[in-house]
Amino acid sequence: MGLVREFTKGLWDEIPPFRLVLGLCPTLAVTKTLKDGLGMGLAVIFVLLCSNVLISILRNIIPPKVRIACYIVVIATFVVIVELVMQAFTYELYQDLGIFIPLIVVNCIVLGRAEAFASKNGVLASAADGLGIGVGFTLSLTVLGSIREALGCGTLSLKIPFTDISHVYNLFGPSFKPFAFMVSAPGAFICLGMLLCLMNIIGNLKKS
Amino acid sequence: MSDYLLMAISAIFINNILLAQYLGNCPFLGVSKKMDTATGMGMAVIFVLTLAGVITWIIDVYLLCPMDLVYLRTIVFILVIAALVQFVEIFLKKMVPALYAGLGIFLPLITTNCAVFGVAVINVREGFNFMEALVFSFTSAVGFALALVLMAGLRERMATARIPQVLEGTAIGLVTAGFMSLAFLGFMGMV
C-alpha cells in the first residue's frame, strides 16, 4: 500500500512541474512537439529512478557534509549514460533535445528528490517515488507538448524511442492556419501558466 | 571589436538566456518577488557565470579535448561549477565580507542554476575562442540579471494588484514572463 502511495503521489498531488515548481527549463524548452516532450520525459524517468535507487542504497555511507556533491556526481553519471545511449540509438531525438540532455544534471527535480526523499527512505520506496515523479513529469511534458504542437503546427507527431513506431497525425486538415505563437518562447511561458491556472481551478472544484 | 559588440547585444536582448533560451527559469520565478533579492541574485550570477564560463572553457580546451575525455564533460563541468561556487563563497567571506553579506544565500543556489551550466556547455559546443567565451558568458549573465530585475519590478507592482485567485503565485508569474518574452522578441532582426 505504501509503495503504491509513493508512486501515485507523483501523478497528481505532487506532479512536477505544476505542484512542485521545479525543473521549468526543460519543460518550457523541449515541449515544442509531442515527440520531444515524450523523449525528454523518458530520459528523466531513467535518471530519476536510477539516481534515487543508488542514493538510497548509499544513504548511510555518504557523509552528510558533502552529500550534495555526492548526489550530483551520481546524477551526472546517469545523465552521461543517457546522453551516450541517446547519441548512439536515437540520434534524431538527441539532436532535437540538444543541450537539454546534459542539463538534466542541474534539473532541480532530480536533485530535489534525492535530497528530500531518497536520502531518508528505503530502496523500494525511493524507487517508487522516483518512478512516480518521473512518470508525472513525462505526463506533464506530453500534455504540454501536445497542446503546443496541435495549436502551433496543427499536427501531433508520435515517435517512441528505440522502436520504429512513428506517426505524424494531421489534426485540422489543410485549411488550418498554424498559431505559430505557441511554438515560440512566449507561447511556452503563457501555455504553462494557463495549464497551472487550470490545475488550480480543478483543485478548487475538488475541494468544494 | 564590432563582432564582440554584436555578440553582446545578441546575448543580452535577442537571445536572452531566460526569455529566449529557457535557461535558469527556476531562480527567475523563485527569487523575483522582491527587488533587492533579485538584484543580489543578478549580481551573484554575473560574477559566477563569467568565472565559470571561462574556467570550464579552459578545462575543456586544454584538458578534456587533448586527452580525449570529452564524454566526461558533463561530470567535470558540474563538479567544477560546484567547486567554484564553494571557492567563491569562502574567498568572498574572508576577503570581501560586504559583498558576501550582500550576495548571501544566493551563492550556493547558483550551483543548480541551469544558466551557468548551460552557458558553459554552449561555449564549448559552439567552438568559441577564449575572448568569445568570455564575452558570451559575461553578456549572457548581464541578460539574465536584466530580465530578473525587470521581472522583480513587475512582480512588486503585481503584489498590490487584484489577481484572480486561481492565477496567484507561479501561474501569473509565468504569464508575465510570457509577455516579457514577447516584448524581447521585438528585438529580433536588430543584428
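User: What counts as a helix or a strand in the pattern of chain B?

Analyst: Helices (H or I, at least four residues) and strands (E, at least two) are DSSP runs, numbered from the N terminus. By that rule, chain B reads α-α-α-α-α-α-α-α-α along its sequence. The count is 9 helices and 0 strands.

This is a predicted model, where local features need pLDDT of at least 70 and side-chain atom pairs count only at pLDDT 80 or more, while totals for chains, interfaces and linings use all residues. Residues are numbered from 1 along each chain as its sequence is written, and chains are lettered from A and ligands numbered from 1 in the order in which they are written.

User: What makes chain B as compact as a globular protein of its length?

Analyst: Its radius of gyration is 17 Å, close to the 16 Å that the globule rule gives for 191 residues, so chain B passes as globular in compactness. The radius is taken over C-alpha atoms, and the rule is 2.2 Å times the number of residues to the power 0.38. Along the principal axes, the C-alpha atoms of chain B fill a box of roughly 60 × 45 × 30 Å.

User: Why is Val76(B) called partly exposed?

Analyst: Val76(B) has 17 other C-beta atoms within 10 Å. Buried needs 20 or more within that distance, exposed means 12 or fewer, and partly exposed lies in between; C-beta atoms are placed from the backbone. So Val76(B), with its 17, is partly exposed. Val76(B) sits in helix α4 of chain B. Buried residues make up 43% of the 191 residues in chain B.

User: How do you know which residues Val76(B) touches?

Analyst: Contact means two C-beta atoms, placed from the backbone, within 7 Å. Leaving aside neighbours within four places in sequence, Val76(B) is in contact with Ile59(B) and Leu64(B). The C-alpha atoms of Val76(B) and Ile59(B) are 8.9 Å apart, with their positions 17 residues apart along the chain.

User: Why is Val123(A) partly exposed?

Analyst: Val123(A) has 15 other C-beta atoms within 10 Å, so it is partly exposed. Val123(A) belongs to helix α7 of chain A. Not counting residues up to four places away, Val123(A) touches Val53(A), Ser56(A) and Ile57(A).

User: How do you know that the span of α7(A) is close to the expected one?

Analyst: The expected span is 1.5 Å times one less than the number of residues. Helix α7(A), residues 123–153, has 31 residues and an expected 45 Å. It reaches 43 Å from its first C-alpha to its last. Just after α7(A), Gly154(A) takes a positive phi of about 80°.

User: What makes α3(A) mostly covered?

Analyst: Of its 24 residues, 18 are buried. This helix covers residues 34–57 and reaches 35 Å, close to the 34 Å expected.

User: What makes a set of residues a nonpolar core, and which residues have the most contacts inside the largest one?

Analyst: A nonpolar core is a set of buried Ala, Val, Leu, Ile, Met, Phe, Trp, Tyr and Cys residues joined through C-beta atoms within 7 Å. The largest has 109 residues, and Val47(A), Ile75(A), Val105(A), Val45(B), Val116(B) and Phe117(B) have the most contacts inside it. Helix α8 of chain B (residues 130–158) gives the most to this core, with 11 residues. Beyond its neighbours within four places in sequence, Phe117(B) is in contact with residues of both chains, including Leu103(A), Val105(A) and Phe77(B).
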